[in-house]
Structure formats: structure tokens, C-alpha cells
Amino acid sequence: MPVDERLLTEFLAEAEDAVEELYGELAALRAPRSEGRARRESLARLFRRVHTLKGSASTAGLTGVASLAHEVESLLEAARAGRLALDARAVELFGETVAALEESLERAARGESAPPPRDLVERLRGLAPAQGAEAAGVDETGGGAGFVDESFAGEASASLDAAERGRLRAAVAEGARACAVTVSFPLEDFDERFRLLSDALSEAGEIISTLPLTMPDAPERVGFRVLYATRETRAQTAERAARFGASVEELGARPNEPKERESARHASQGASVRVALDDLDDLISSAHAVFNDALAALEAAAGGDADERAARVRRSFYEVEERLIALRMTTARRTLERAARAGSRVARAEGREVDFEIVGGDVRLDRSVAELVADPLLHLVRNAVDHGVEPESERVARGKPAAGRVRLEAESEAGLVLLRVSDDGRGVDAEAVARAAE
């Protein structure tokens, strides 16, 4: 089946952001204080983003990327359901997979293709839980949470999926109460009101699932039944829900396995649209032309306030122009982090332990410049790891820490951006370079 080049180009542009989001969620899972609800939410977001990447890659014709994403998606689903221990080993393997996905996408951008790394796929499959693990009551931390009779949840328990059961088990094991919040809203604004209710509930607990309800006696309204886990008292939850006209039903002193569809937290996020840099440049040029025409007309007009109006137009345009130019800018962080990840892969391949430090990630530079410097920066980092940082035995013999250090730094200097890569290795052997030159 031929690949739609336009679709592939659009996918690759969006996939870059998707990979950065995956790395962000992995960092959240690795954080020392990642536990409980925050950990479950990071895991859910990671699962959704891998799932989306898999579908998009398949549509774009990148079967290798889609296949690898499918392998890790299955494991993430098992972790959400409580059938896979989400330990450091699993998180690191997920990190390797994201790096492999990133490398596959970079190859696709160069017009190359390659199957998923066989060794990585085998290790992912080796991590898969044995059949029947859920029945044994394995929770997401690797312990045995056990199961509680679902009868307290009534008919709602039939609509629970495995991930929702896992989330509820974990929440209750941490001391939360399970309850059902029932509410209905007018059709004309139910989405906004439900978002506000979800935000209010999420402040003090965890939404496990949401089940829409039919309203035969009130067809002009939309109903919802929300399965909710919280450590608040019954009275506090009732007061919180009452602000939205909702009622609360306690589902048992220690429920552990009820129901319903997952409702992602409705945290409002700014909408975005991807614009080609050439189109943005055209927009800036057009704004210049419009401004010049308007200013010329004002300066030619008779009247005592013409100069004042011209000055206002000039100030307004300069503000608009600055905002348009700012759209071309990005921070150096993404470029530095990509280079550091490439260096980590080189270090693993060489069997060396190397720590990477990023400084000045908030320095801003033009997006086109960021794209141009990405490959040279990657080359510098690889050289620092491969030729600069010594093997562990040599470092220890010289009294150095076993782990090497590579520093990636961005600095704004006199209107320019300086990118610097340094390492604590042995440095360049000038005599060896001279011999090679000879």
C-alpha cells in the first residue's frame, strides 16, 4: 500500500511533540515522589499518548512504529489494570522503547525504514504478566491488593474495564472511599457544567469512571453517574457535589472493584494549531504592507489628531509584529534534551555510565535555527561520550568518579545564542591528532 506523503509529513511533524510528551510522562513516573493518584494519572496519560501514536503511525503507513507502540501499549494497559508491577525495571524498559520510537521516527523523516529492534521486542514481551495475574489480585505496585465483592456497586460494576478496576483497587488500598455522584444538566451547557464538576471532584479525589444516564422524564437534560474515590468525609463530598446539584451515594466501607468508563480530567489546556514557518513569514510580510499603507494614509490625512492616530497605529503594529515574531521562537530545551538522549544511547552502547546536565534550556532561538543546529549538536554530544569520557576503569584509576559528566548549555550573549558542549573526560590528545594528520 503506497504511503500518502502529505499524511506522513503531517504525522512526523506532530509525532515530535508526541515523543516529547512521552518523555515528560516517563520523567513524572521516575520522580521520587511519584506515587498514588499522581502516578496512576501519569500512567493513564502515557497509555493514551502511546495509543494515539500507534493509531497515527498505522494510518501514516509506518508499520514498524505502530508495531512497537502496540507492544508497549499492551504492557501499559496491564500496568493500569494492576496485572504488571510498575517497578523501576519496567519504567526503564518503557524509556528504551520511547527512545527506539524516536529513532524510528527520525529514520522515517530521512526516508529510511527498519523493523522494531528484535531484542527490545523480546524484552517487552518477556515483561508481560502471566495469564491469570489479575485473578491473583496483583496490584500496580506489585503487591496483592485482593478483590472486594462488586455487589455494592450494583449494575454499574458491569461497565468497568480492567484499568478502572485497577485504579479503584489502588485508590481504596490507599485509604480512599468509593462513592457514586449522580447529576444531570441542561442540554445547552451540560459540557461546561460537567467540566466544572469534574474539576471540583478532582481537587479532593480521583474520578474512576463516568457513565452517561438516559433521562426519560427529562429529555431536555443529560445525566451522569460518576464513580469517585476520595479521602474526604461523606459530609465534605456531599457538600462539594451539592454545589452542582449532584447527589452522593456511598458504595461501601471498603469497596475495591466497581465500574464505569474512565473520565480523563478536564483540565483546560490552550488550543494550538501548527503553522509552517514560511506561512508565518508571509503573515509578517503582509502585516508590514498593511501597516505601511495605513500609516501612509493617516500621515496624508488632514486634521489635528492625524499625528496622534499615526503614533497609535505605529505602537500597535510594533506590538503585533513582536508577537508574530515570537511565534517563530522556541526554547533551546527540546534541542538540548534530544541531544542528551542521543548521548545516553551512545553511552549505553559503549557500556559507559554518563550523567547529562542541561543548563539554559529557557534560552529562546528561532525554530529554523533550532532545526539547523540539531544535527551538529548531536555530533558534538556523541563525540563527547565516545571520545571524551573515559571508560569506567580508566576514570577510577585517575581518581575520578566512575560516571562521566557531559554538560549541554545554551547561553544568550550579545544578541546571539551560544550552544556549548563540555565533558569531564581526558580531553583531546593533541599528539594523537597530529600523528593522524601526518
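In the predicted model, four strands form an open sheet in which the strand order is 2-3-1-4 and the pairing is antiparallel. The edges of this sheet are occupied by strand 2 (205-213) and strand 4 (247-250), each of which has a single partner strand, so that one side of each is left without a neighbour in the sheet. From one strand to the next, the twist averages 25°.

At one of these edges, strand 4 is joined by four bridges to strand 1 (residues 177-186), and the two strands run antiparallel. Within this pairing, Thr182 is found opposite Ser247, the latter residue belonging to strand 4. Two helices are also associated with the sheet. Helix 7 (residues 190-202) packs on it and touches strand 1, strand 2 and strand 3, with a direction that makes about 160° with that of strand 1. Helix 6 (residues 162-173) lies across strand 1, strand 2 and strand 3 (221-230), and it runs at about 140° to strand 2.

Turning to the packing of helices on one another, helix 3 (residues 63-81) and helix 4 (residues 88-109) have axes that come within 10 Å and cross at roughly 160°. Because angles over 145 degrees count as roughly antiparallel, helix 3 and helix 4 are described as roughly antiparallel to each other. The crossing of helix 3 and helix 4 is, in addition, left-handed. On the side of helix 3, the residues that take part are Val65, Leu68, Ala69, Val72, Leu75 and Leu76, and these meet Phe94, Thr97, Ala100, Leu101, Ser104 and Leu105 of helix 4. When the residues of this contact between helix 3 and helix 4 are sorted by class, 10 are nonpolar, two are polar and none is charged.

Helix 4 also packs with helix 11 (residues 333-350), at an angle of about 110° and with the two axes 11 Å apart. Since angles of 65 to 115 degrees count as roughly perpendicular, helix 4 and helix 11 are placed in that class, being roughly perpendicular to each other. Here Ala99, Glu102, Glu103 and Glu106 of helix 4 meet Arg338, Arg341 and Arg345 of helix 11. By class, the contact of helix 4 with helix 11 comprises one nonpolar residue, no polar residues and six charged residues. Helix 4 thus has a contact with helix 3 that includes 10 nonpolar and no charged residues, whereas its contact with helix 11 includes six charged residues and one nonpolar residue.

Key. Residues numbered from 1 in each chain as written. Predicted model: local features only at pLDDT ≥ 70, side-chain atom pairs only at ≥ 80, totals over all residues. Heavy atoms only, no water. Axes fitted to C-alpha atoms, helices over the stretch in contact; angles between N-to-C directions. Parallel < 35°, antiparallel > 145°, perpendicular 65-115°, else oblique. Left-handed = near helix turned anticlockwise from the far one by under 90°. Contact = heavy atoms within 4.5 Å. Nonpolar A, V, L, I, M, F, W, Y, C, P; charged D, E, K, R; others polar. Pairing = 2+ DSSP bridges.
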